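Colleague: I am new to reading protein models, and I would like to learn how to go from a picture to careful statements. Could we work through some features together, one after another?

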Amino acid sequence: MKTFKISEKIYKYRFGAPRPTEIIADIGEETTKAEIDYFHIAAGEKLKLTFKMEPEDMIWGLGENQRGMNKRGGLYISYCSDDPNHTPDKKSLYGAHNFMIIDGEVKFGVFIDYPGQVVFDIGNDHKDIIEIIIDTLDADVYMIQGDQPREIVHEFLKLIGDGYAPPKWAFGYQQSRWSYPDQKAIDEVADAFIQHDIPCDAIYLDIDYMEDFKDFTISKERFPNFKDYVSTMKEKGLRLVPIIDAGVKIENGYRIYEEGVEKGYFCLDEDGKPFVAAVWPGKVHFPDFFNPEARRWFGLKYKDMIECGIEGFWNDMNEPAIFYSNRGLEKAIEKAKTSENENLDIYTFFDLKDVFEHMSNAVEDYQSFYHNINGKLVNHNMVHNLYGCNMTRAAAEGFREIHPNKRFLLFSRASSIGMHRYGGIWTGDNHSWWEHLLLNLKMMPSLNMCGFLYAGADTGGFSGDCNAQLMIRWLQMSLFTPLLRNHSAMGTRRQEPYAYDQESMGIMREMIRLRYALVPYLYSEYMKALMAKDIFFAPLAFAYQDRMSKRVEDQLLVGESLMIAPIYQENAVGRYVWLPEDMVLWRVDCYQQREFKVMRMGHHYMDVPLNQVPIFIRKNRLLVLGNHGPNIDRLDPSEVFVIGFVEDQTSYVYYDDDGETYGYREGMYSKIFMDIHRKNGNLDIQIRVIGRPATKKIHFDIVDMQGNVTQRTMVLESSK
Ligand code: GLC
């Protein structure tokens with residue numbers, strides 16, 4: 001083992017000779033003095049790190065995973081998996097996020113930079129022992145110090161590099177469904193949103209827009225003139241967001257397939273031929289995203305659609321998902337044949353069933369193909385978790401080449417740490433279950449800790465039927481997630497807002513309008529977090545040191561000013577909430593109505609009827625709101641409203657930029673600094689500006705400790 005010092009706070013332990021993953025650029029300086037030495041490390045056939053937890057220790061991180069924000073008690077396996085049944089016993093989901101924080105008397109972070117399988121047993125086998133088993137003897141392990149978990153996250157986010165900035169329109173409401181089969185179906189969706197006056201920014205194109213599920217093709221029959229159609233939709237204020245899948249259909253005459261074969265850009269099987277697997281189109285080859293040339297080739301394929309006016313994509317099936325391989329199918333057929341005339345008993349029947357059930361996404365298949373990495377063939381299984389990441393990298397690098405200064409919407413299903421540089425993620429095929437609404441809530445801060453700020457779940461749930469109540473409650477939670485997309489599976493009940501009764505639709509309309517009113521705050525907080533290498537969603541324990549806050553698993557801090565406590569139980573019309581300090585409760589059924597209630601620190605039961613979303617404004621913090629509009633481009637930025645809860649003093653930096661380019665990296669943004677002091681019953685508001693904000697007028701509603709509201713309107717100096 002060699003030790004490298006990356007910074008005062010970060011050390012890298014290098015075991016063996018790991019293959020570069022390109023996640024971390026900083027190599028560090030070799031040192032003999034390891035200053036962080038918390039784990040016991042053993043190397044047999046695999047690397048094994050063990051750590052003894054104290055009873056009070058909490059474990060944060062691990063990104064997209066089951067269970068709580070505190071990961072203690074669980075077994076998690078980092079191995080990107082296409083498994084749509086996220087029952088609590090599942091150990092792997094679509095992402096592989098090998099970063100966690102131990103938070104107790106001793107506090108530190110650990111990142112395992114290894115793209116094959118890593119097992120995190122966090123007190124599952126033995127209640128006080130953490131055991132991390134890395135499927136190799138060649139890996140880099142980073143240890144990160146910090147006084148508080150938030151500081152450890154900050155150091156980690158600095159280590160893994162700048163994150164993804166979506167365009168501002170990607171903060172709007174987005175409507176999706178597998179499937180809107182054709183132009184007519186999409187027109188119906190668009191017209192319904194317009195007719196019902198529900199804001200919306202994007203409609204998704206799932207696999208049916210393609211010709212026979214072939215990547216980068218558009219069905220002529222269903223979309224006779226795609227380019228014109230994209231611009232007609234844009235005139236209606238809606239962007240179309242097509243899906244791209246990892247597998248490329250094997251079909252003579254299909255350009256992408258032929259080019260890939262000719263240039264040797266596909267993954268290879270044991271005989272050196274392109275590996276064959278089956279997904280939506282039937283048999284496919286997988287592009288070798290580890291090969292920079294193949295990556296560039298695939299990335300530039302997005303160009304045709306970009307030239308038709310497309311500004312966003314979602315990358316799917318990139319674990320990569322395998323329905324079956326030739327090997328798996330042959331094995332299953334063989335088994336079926338030998339079972340044909342048998343009297344199957346408990347063992348032989350389950351044997352047969354198992355063969356069919358394990359045909360998809362089989363490890364044997366992942367072990368049977370290869371990538372070309374720097375001229376060497378590398379078995380896929382050893383780099384499995386980087387496949388989806390590299391697909392999204394291909395797209396992002398393609399976009400940068402095609403339009404260097406344009407921000408695209410891009411998110412992926414499979415991911416690993418490091419992919420946050422290229423795009424966001426959605427959390428895959430959840431269900432229309434209340435449990436998954438809660439899971440969504442718990443996952444958000446963990447994802448943020450792993451770098452994924454632009455994230456969200458299929459609102460309303462993908463599989464199964466979503467009733468009106470669940471849809472409304474889920475929407476009330478997703479109002480705060482940067483990616484707000486309602487997506488559902490083919491064959492399920494329709495779940496667009498207008499697919500429900502009038503009253504439910506009316507509630508959803510108000511909720512979506514509230515989302516648009518929140519965009520100034522959400523965007524400001526998102527971009528500030530991105531640039532400061534901070535998180536957007538935080539567990540209460542990241543801000544409050546009291547014992548109770550550590551235990552809260554169903555409330556979240558959103559940016560620096562808000563706390564949310566969503567309803568996640570059927571028929572609940574209220575819930576318990578813990579207030580770690582005095583806060584203002586704004587119960588919103590219609591965001592134009594502003595009634596505030598000061599609530600004291602402590603436990604409360606609050607009523608939350610179906611049409612209301614409770615928003616808590618923290619003490620000495622400010623919330624910036626706008627007005628809603630039909631979509632993000634048509635929001636009026638000139639006037640904003642600030643709701644504050646001010647005991648003595650506060651300040652807020654309201655950030656904004658063009659929402660379209662990378663200019664913000666060169667300082668092209670505006671900041672409005674608001675400073676508020678309360679002295680002898682008087683309120684003093686000072687405003688200072690840098691850049692050229694679009695905001696000209698600010699209305700303040702400042703609540704004091706007794707609940708009295710002082711109103712002020714200020715016109716910005718530059719616009720006087
Ligand atoms: C996968 C995706 C889902 C999509 C479906 C069809 O299951 O996770 O979002 O709708 O494929 O493309």
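Colleague: Let me begin with a helix: in which helix do Glu510 and Arg513 lie, and how many residues apart are they?

Modeller: Before answering, I should say that this is a predicted model, and that we will read it as such. Glu510 and Arg513 both belong to helix H13, which covers residues 502-532, and they are 3 residues apart, or about one turn of the helix. Their side chains form a salt bridge in which the closest N and O atoms are 3.7 Å apart, and both residues are buried.

Colleague: Which residues are joined into one network by salt bridges that share partners?

Modeller: The network is made up of Asp82, Asp316, Glu319, Arg413 and Asp429. For the wider setting, a search of the whole structure gives 51 salt bridges.

Colleague: How far apart are the closest N and O atoms in the salt bridge of Arg393 with Glu397, and is Arg393 buried or exposed?

Modeller: The idea is to take the distance and the surroundings as separate questions. The closest N and O atoms of Arg393 and Glu397 are 2.7 Å apart, and the two residues, 4 residues apart in helix H10 (residues 387-402), are separated by about one helical turn. Arg393 has a relative accessibility of 13%, so it counts as buried, whereas Glu397, at 31%, counts as partly exposed.

Colleague: What should I say about Lys303 and Glu307, and how many residues apart are they in helix H6?

Modeller: Lys303 and Glu307 are 4 residues apart in helix H6 (residues 303-307), which means that about one helical turn separates them. They form a salt bridge with the closest N and O atoms 4.0 Å apart. Lys303 is partly exposed, with a relative accessible area of 36%, and Glu307, at 48% relative accessibility, is also counted as partly exposed.

Colleague: Turning from helices to a loop, where is Thr21 placed, and which residues is it in contact with, leaving aside its neighbours within four places in sequence?

Modeller: With a loop residue, we can name the elements on either side and then list the partners. Thr21 sits in the loop between strand S2 (10-15) and strand S3 (29-31). Apart from those sequence neighbours, Thr21 is in contact with Asp113, Pro115 and Leu386. The side chains of Thr21 and Asp113 are also joined by a polar contact of 2.8 Å. Thr21 counts as buried because its relative accessibility is 13%, which is under the 20% cut-off.

Colleague: Now for the broader view: into which domains is the protein chain divided, and how many residues of each are in contact?

Modeller: The chain is divided into domain 1 (2-160) and domain 2 (526-715), whose C-alpha centres lie 33 Å apart. To describe where two domains meet, we can count residues and then consider area: 13 residues of domain 1 are in contact with 16 residues of domain 2, and the area buried between them is about 1,300 Å², with carbon and sulfur atoms giving 59% of it.

Colleague: How many salt bridges are counted between domain 1 and domain 2, and which elements supply the side of domain 1 that touches domain 2?

Modeller: There are 2 salt bridges between the domains, and 6 residue pairs are found in polar contact across the interface. On the side of domain 1 that touches domain 2, strand S6 (58-61) and helix H1 (149-160) each supply at least two residues, and H1 gives the largest share, 6 residues. That side divides into 6 nonpolar, 4 polar and 3 charged residues.

How values were computed. Residues are numbered from 1 along each chain as its sequence is written. This is a predicted model: local features need pLDDT of at least 70, side-chain atom pairs count only at pLDDT 80 or more; totals for chains, interfaces and linings use all residues. Side-chain values use heavy atoms; hydrogens and water are left out. Buried means under 20% relative accessible area, exposed over 50%, partly exposed in between (1.4 Å probe, protein chains only). A polar contact is a pair of N or O atoms within 3.5 Å; within protein, one must be able to donate a hydrogen and the other to accept it, and residues adjacent in sequence count only if both atoms are side-chain atoms. Contact means heavy atoms within 4.5 Å. Domain bounds come from an automatic or database domain assignment. Buried area is the accessible area (1.4 Å probe) that two parts lose on being put together, summed over both. Ala, Val, Leu, Ile, Met, Phe, Trp, Tyr, Cys and Pro count as nonpolar, Asp, Glu, Lys and Arg as charged, and the others, Gly among them, as polar.
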